[in-house]
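Visitor: Before we talk, could you put the chain in front of us, so that I can ask what the terms rest on?

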Amino acid sequence: MLLILCLSAICYYCYGVYAIIDFCSQPTTTASDFQPPISVLKPICGLDIDTYENFKSFCLQDYPEYEIIFCVRDGNDPCVTVVKQIIADFPNVDISLVISDRIIGTNLKVSNLANAVTQAKHPFLVLADSDISVGSDYLQQVIQPMQQESVGVVTCLYRPVVRGWVAILEAVGIATEYHTGVLVARKLEGMKFALGPTIAIRKTVLEAIGGFTAIADYLADDFQLGYLPTQIGYQVVLSEYIINHAIATESLTDLIQRQTRWNFCTRFSRPGGYLGLIFTQGTAVSLLFLLATGGSIWGLSVLLLTWGTRLILAWVMAVWCLQDPITTKFLWLVPIRDVVSFLLWCYGLVGNTIEWRGRRLKLIPGGKLEII
């Protein structure tokens with residue numbers, strides 16, 4: 001059985017390389033005459049790495065008409081001061097701040113977005129997390145797929161920006177494991193989900209799926225914002241544009257809690273898919289196979305083949321596709337990160353409670369949240 005799992009992982013790694021090359025080889029076209037007005041919604045809660053610089057990057061867009069709506073629950077949040085400074089520093093950009101403690105569901109980020117969208121003036125929405133930074137061509141590139149009426153949602157991959165060794169460990173996993181899974185899913189079944197840091201969506205599509213109220217009790221709000229539009233006939237497109245995403249993980253506890261949230265989210269949203277991840281855990285499984293064969297030459301050969309294929313996949317994803325300087329420097333951490341991922345995957349098979357921004361929550365079948 002361990003040998004079968006190793007072989008299946010090698011096949012997955014090879015297919016992953018194919019999926020990455022397919023994504024990176026798609027033609028990039030920009031229609032300079034397609035520039036619809038955009039409302040950028042930015043939910044905020046606390047300070048992130050380089051908060052001011054992150055916000056500033058959205059004010060430097062080479063785009064004719066857009067607005068930025070910051071939304072926060074607490075007027076005393078330290079991020080409010082930064083937003084006010086941004087408003088003062090960029091008087092020519094249409095920026096507003098919405099402070100509202102109105103709650104429409106368990107997911108407070110979604111409540112923030114619901115409070116912001118009431119102020120949105122434009123037909124296209126871009127939901128952008130507070131911990132990302134972008135280039136001046138971000139809006140122009142992200143909105144391009146919307147030229148096709150059938151496209152309802154656009155989302156983006158991202159490069160991790162980190163401080164500290166724990167954050168580096170998490171970044172290596174995001175760049176080489178998570179993004180590979182996204183591109184494999186895209187190739188196998190098409191995009192039926194979105195990625196949280198950036199989601200562009202037509203306002204009419206958001207209204208058609210029931211607005212933010214429809215996803216207000218889900219942990220995986222980004223998954224739902226991609227999945228629900230596909231259920232009513234719209235396409236989700238993964239943009240070629242890659243953003244920078246700050247990873248603020250400071251301790252192993254933070255890493256475990258964040259990864260556990262993601263794992264539970266996948267398990268409750270797509271239980272079959274979560275169990276199927278065992279066929280992608282080649283690094284850890286080949287190590288178990290080596291131990292099970294008593295350190296034999298056969299076992300060592302399988303391990304070297306598995307690890308070698310895995311490292312090739314990691315290089316193609318992180319270095320060639322994402323051009324991620326962090327993972328390029330710490331590519332040697334991939335086997336360690338894979339073993340950590342395997343242990344956390346095993347842990348994610350049981351339990352249903354998570355810690356999220358100081359609250360203890362319970363996941364129920366389907367991926368909804370309940371307050372404990």
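Guide: What follows is a short conversation about terms and the values behind them.

Guide: This is a predicted model, in which local features need pLDDT of at least 70 and side-chain atom pairs count only at pLDDT 80 or more, while totals for chains, interfaces and linings use all residues. Residues are numbered from 1 along each chain as its sequence is written, and side-chain values use heavy atoms, with hydrogens and water left out.

Visitor: Why is Trp 320 called partly exposed?

Guide: Buried means under 20% relative accessible area and exposed over 50%, with partly exposed in between (1.4 Å probe, protein chains only). Trp 320 has 39% relative accessibility, and therefore counts as partly exposed.

Visitor: What makes strand β7 mostly covered?

Guide: Five of the five residues in β7 (residues 198–202) are buried; a strand here is a DSSP run of E, at least two residues, numbered from the N terminus. Thr 198, Ala 200 and Arg 202 are buried on one side, and Ile 199 and Ile 201 on the other. In a regular strand the side chains alternate between the two faces of the sheet.

Visitor: How do you know that β4 and β7 pair?

Guide: Two strands pair if DSSP finds at least two bridges between them. Strand β4 (residues 124–128) and β7 have five bridges, in the antiparallel sense, and Ala 128 stands opposite Thr 198.

Visitor: What joins β6 to β7?

Guide: Three bridges join strand β6 (residues 151–162) to β7, and the two run antiparallel; Thr 155 has Ile 199 as its bridge partner.

Conventions:
Helix = DSSP H or I, 4+ residues; strand = E, 2+ residues; numbered from the N terminus.
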